[in-house]
Structure formats: structure tokens, C-alpha cells
Amino acid sequence: MREIKFRLFEKDTNTMIVQQPVDSFHRFGLDPFGGIWRRDGSGKRLNDEYILMLWTGFQDKNGKDLYEGDLVSGGDPSACLFEYPSVAVIEWDENNACFRYTSRQSNNSYSLNCNVAQSMIIRGNVYENKDDQ
């Protein structure tokens, strides 16, 4: 069975919360529609306070888990079939149901696969490293 991991970015404190598996998010509940809920009985929806990011199922060149929203740079250009951007962001493509990497230089977007992911290096993410975009 495929392992499913999430991380949350807390907007007020600008901090990333990384806990896995999903059952270990003791303070939070997740629904199938992308809702984030407080597990304190209040039933308060937290989507305005947190940003939920899904693990791609891949790791970068250094063995770090690659999540949507991560900023990556190149390792081995021969692993990519098209352009190898110097900085790209990992994004979920709703229309094609896959993760993609989008170049910050050209805005071109390509499907993410295991070979490409393992040649990339995570440089940060779009929430904590806004200047690197």
C-alpha cells in the first residue's frame, strides 16, 4: 500500500508542520474534500489558517521527501526529457492527476517522475522561501 504523507504550513507563525503518517496529526482532522479541521470538538475549519501539502511519493537526490510547494534545483540534467530549470516549483496538476515541476524562468511545466525527482535538490518551499521564486 502506498504511504500517504502531508505537511501543513501555519500562516500566522510562518512555520511548517511535518508529521507523518497522516494519523499523527493529533491536532487536526482532514476530510476528502481538502478540509482541515480542529480535533478539539469545536468543529472549526482551519483552511484559512493552514495550507495543506501532499507528499509526491518521491525523494530528492539527498533522500528528502518531496512535497508540493517545494522549490527544487537541478542535479543531473540528463534525467529530464525537456528543459532542466535552475529553479522549479513542485505542483499538483488537477487536470492530469499528477505532480509537475514548473520552471520559474520559463514557466514551462513537465510531469514529475522518479528519475527526475531523484536528480533534483530541494532548496526550500514557496511559503518559507518567497524570495527564491
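Strand β1 and strand β5 (residues 50-59) pair in the antiparallel sense over five bridges. In this predicted model, five of the five residues of β1 are buried, so the strand is largely enclosed by the rest of the structure. From β1, R7 reaches D70 in strand β7 through a salt bridge. Strand β7 in turn belongs to an open sheet of five strands.

**Strand β1 and its surroundings**

- Within the pairing of β1 and β5, E10 stands opposite Y50.
- Both faces of β1 are covered.
- On one side F6, L8 and E10 are buried, and on the other side R7 and F9 are buried.

**Overall composition**

- One helix and 11 strands make up the secondary structure of the chain.
- Read from the N terminus, the order of elements is β-β-β-β-β-β-β-β-β-β-α-β.
- The chain has 133 residues, of which 39% count as buried.
- Among contacts in the chain with a separation of 6 or more, 44% come from residues 24 or more positions apart.
- The exposed area of the chain is about 7800 Å², and carbon and sulfur atoms supply 47% of that area.

**The five-stranded sheet**

- The open sheet has the strand order β10-β9-β8-β7-β11, and its pairing is antiparallel.
- Its edge strands are β10 (109-111) and β11 (121-125), each of which pairs on one side only.
- From one strand to the next, the twist averages 40°.
- Inside this sheet, strand β8 (residues 88-93) and strand β9 (residues 98-103) run antiparallel and are joined by six bridges.
- V89 has T102 in β9 as its bridge partner.

**Salt bridges**

- Side chains of opposite charge can pair when their charged atoms come close.
- The count for the chain comes to three salt bridges.
- The salt bridge of D65 with K5 has its closest N and O atoms 2.8 Å apart.
- This pair links distant parts of the chain, with D65 in strand β6 (residues 65-67), K5 in the segment before β1 (6-10), and their positions 60 residues apart.
- D65 counts as buried because its relative accessibility is 18%, below the 20% limit.
- K5 is likewise buried, because its relative accessible area is 9%.
- The salt bridge of R7 with D70 brings the closest N and O atoms to 2.6 Å.
- This pair also links distant parts of the chain: R7 lies in strand β1 and D70 in strand β7, 63 residues apart.
- Both partners, R7 and D70, are buried.
- D93 and R100 meet through their side chains in a salt bridge with an N to O distance of 3.6 Å.
- D93 counts as buried because its relative accessibility is 12%.
- R100 counts as buried because its relative accessibility is 18%.

**The environment of D70**

- D70 is located in strand β7 (residues 70-73).
- The relative accessible area of D70 is 2%, so this residue is buried.
- A polar contact of 2.6 Å connects the side chain of D70 with the side chain of R7.
- Leaving aside neighbours within four places in sequence, the contacts of D70 include R7, the β1 residue that is its salt-bridge partner.
- D65, which forms a salt bridge with K5, is also in contact with D70.
- The remaining residues in that set of contacts are A88, V89, I90, I122, G124 and N125.

**The loop between β9 and β10**

- Q105 is placed in the loop between β9 and β10.
- Q105 is partly exposed, because its relative accessible area is 49%, and exposed would require over 50%.
- Q105 and S86 are 19 residues apart along the chain, and their C-alpha atoms are separated by 7.8 Å.

Key:
Residues are numbered from 1 along each chain as its sequence is written. This is a predicted model: local features need pLDDT of at least 70, side-chain atom pairs count only at pLDDT 80 or more; totals for chains, interfaces and linings use all residues. Side-chain values use heavy atoms; hydrogens and water are left out. Helices (H or I, at least four residues) and strands (E, at least two) are DSSP runs, numbered from the N terminus. Buried means under 20% relative accessible area, exposed over 50%, partly exposed in between (1.4 Å probe, protein chains only). Contact means heavy atoms within 4.5 Å. Accessible areas come from the Shrake-Rupley method with a 1.4 Å probe; for residues, only the protein chains shown count as cover. A polar contact is a pair of N or O atoms within 3.5 Å; within protein, one must be able to donate a hydrogen and the other to accept it, and residues adjacent in sequence count only if both atoms are side-chain atoms. Two strands pair if DSSP finds at least two bridges between them. Axes are lines fitted to C-alpha atoms, for helices over the stretch in contact, and angles run from 0 to 180 degrees between N-to-C directions. A salt bridge is a side-chain nitrogen of Lys or Arg within 4 Å of a carboxyl oxygen of Asp or Glu.
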